[in-house]
Amino acid sequence: MTEKERMLRGELYAAYDEELKRDNLRARRLTRLFNGTTEEELECRTELLKNLFQSTGEHIFIEPPFRCDYGCHIRIGDNFYANYDCIIIDVCDVTIGDHVFFGPRVGVYTAGHPIDAEVRNANLEYGKPISIGNSVWIGADTVINPGVTIGNNVVIGSGSVVTKDIPDNVIAAGNPCRVLRAITLEDKEYWEEKRREYMEN
């Protein structure tokens, strides 16, 4: 089994493998080009992101600067937006659904390191995949840790550290992140009324 295969299976692997170095250099080149674009080069930005990621929806927008390890392990749905300073460490698969919005400085980290110092010092590491559902808003400065699944229609409050799975249709926040309450019909009615007021003015 190659080091890349071990990595993607969530097993211990050596990050200094030549194949992984090549993949990482490709990601560094594409993100450097992306981060060097100007606000007049929106089409170029989108093309670079579509080349970087494994797959994307039609409409994606990421504010530079952006960083990732490989890019080719990231799948993003339609209508994705990430604000400034987004980091995705994709040593395992990262799957992001449709209509997902990231505030500034959101970090998505699939990488893990052994607790035992001798194993860690041997430059062995591992990862766990992360999945984010549809219609999710993740507030600024949130950290999503390895192995987490976030459900559909979820709001994560700013500054959260997400260490465990978050179910559908909830507001969650904190360090560690925990469910605060369900998203209710009253929430929907309130915001629909606000939208009607907006449309009338």
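# Exercises on a predicted model

Thr37 sits in the loop that links helix H2 (18–35) and helix H3 (42–52). Keep in mind as you work that this is a predicted model.

## Exercise 1: a loop threonine

Work out whether Thr37 is buried or exposed, and find which backbone oxygen lies 2.7 Å from its side chain.

Step 1. Look up the relative accessible area of Thr37, which is 12%. Buried means under 20%, so Thr37 counts as buried.

Step 2. Now look for a partner. A polar atom of the Thr37 side chain lies 2.7 Å from the backbone oxygen of Phe34.

## Exercise 2: the largest cavity

Phe34 turns up again here, in the lining of the largest cavity. Find how many cavities of 30 Å³ or more the structure holds, then describe the lining of the largest cavity.

Step 1. Count them: there is one cavity of 30 Å³ or more. The volume of the largest cavity is about 40 Å³.

Step 2. List the lining: Phe34, Leu42, Arg45, Thr46, Leu49, Ile60, Phe61 and Ile62.

Step 3. Sort those residues by type. You get six nonpolar, one polar and one charged.

Step 4. Ask which elements they come from. H3 and strand S2 (60–62) each supply at least two lining residues, and H3 gives the most, with four.

## Exercise 3: the largest pocket

Find the volume of the largest pocket and say how its lining divides into nonpolar, polar and charged residues.

Step 1. Start with the space: the largest pocket has about 220 Å³ of it.

Step 2. Pick out the lining, which is made of His99, Phe101, Ser135, Val136, Trp137, Asn153, Val154, Val155 and Ile183.

Step 3. Sort again: six are nonpolar, three are polar and none is charged.

Step 4. Check the strands. Strand S13 (136–138) and strand S16 (154–156) each supply at least two residues of this lining.

## Exercise 4: following the strands

Trace the pairing from strand S3 through S6 to S9, then put the strands of the open sheet with S4 in order.

Step 1. Begin at S3 (residues 66–68), which pairs with S6 (residues 86–89) in the parallel sense over three bridges. In that pair, Arg67 stands opposite Ile87.

Step 2. Move on from S6. Three bridges join S6 to S9 (residues 107–109), and these strands run parallel. Here Ile87 stands opposite Gly107.

Step 3. Turn to the open sheet. Its four strands come in the order S4-S7-S12-S15, with parallel pairing. S4 (74–76) and S15 (149–150) are the edge strands, since each pairs on one side only.

Step 4. Zoom in on one pair of that sheet. S12 (residues 130–132) and S15 pair in the parallel sense over two bridges, and the bridge partner of Ile132 in S15 is Ile150.

## Exercise 5: cysteines without a bond

Explain why Cys72 forms no bond with the closest cysteine sulfur, and say what the search of the whole structure finds.

Step 1. Take the overall result: the search finds zero disulfides.

Step 2. Check Cys72. Its closest cysteine sulfur is in Cys68, 8.4 Å away. A disulfide needs the two sulfur atoms within 2.5 Å, so the sulfur in Cys68 is too far from Cys72 for a bond.

Step 3. Check Cys92, which is in no disulfide either: the nearest cysteine sulfur, that of Cys72, is 12 Å away.

Step 4. Add the surroundings. Cys72 is partly exposed, with a relative accessible area of 25%, while Cys92 is buried, with a value of 1%.

Terms used:
Residues numbered from 1 in each chain as written. Predicted model: local features only at pLDDT ≥ 70, side-chain atom pairs only at ≥ 80, totals over all residues. Heavy atoms only, no water. 1 Å grid on protein atoms, 1.4 Å probe; cavity = no way out; pocket = protein on both sides within 12 Å on 5 of 7 lines; lining within 4 Å. Points joined across faces, edges and corners; volume = space filled by probe spheres on them. Nonpolar A, V, L, I, M, F, W, Y, C, P; charged D, E, K, R; others polar. Pairing = 2+ DSSP bridges. Buried < 20%, exposed > 50% of the residue type's maximum accessible area, 1.4 Å probe, protein only. Polar contact = N/O pair within 3.5 Å; in protein donor to acceptor, adjacent residues only side chain to side chain.
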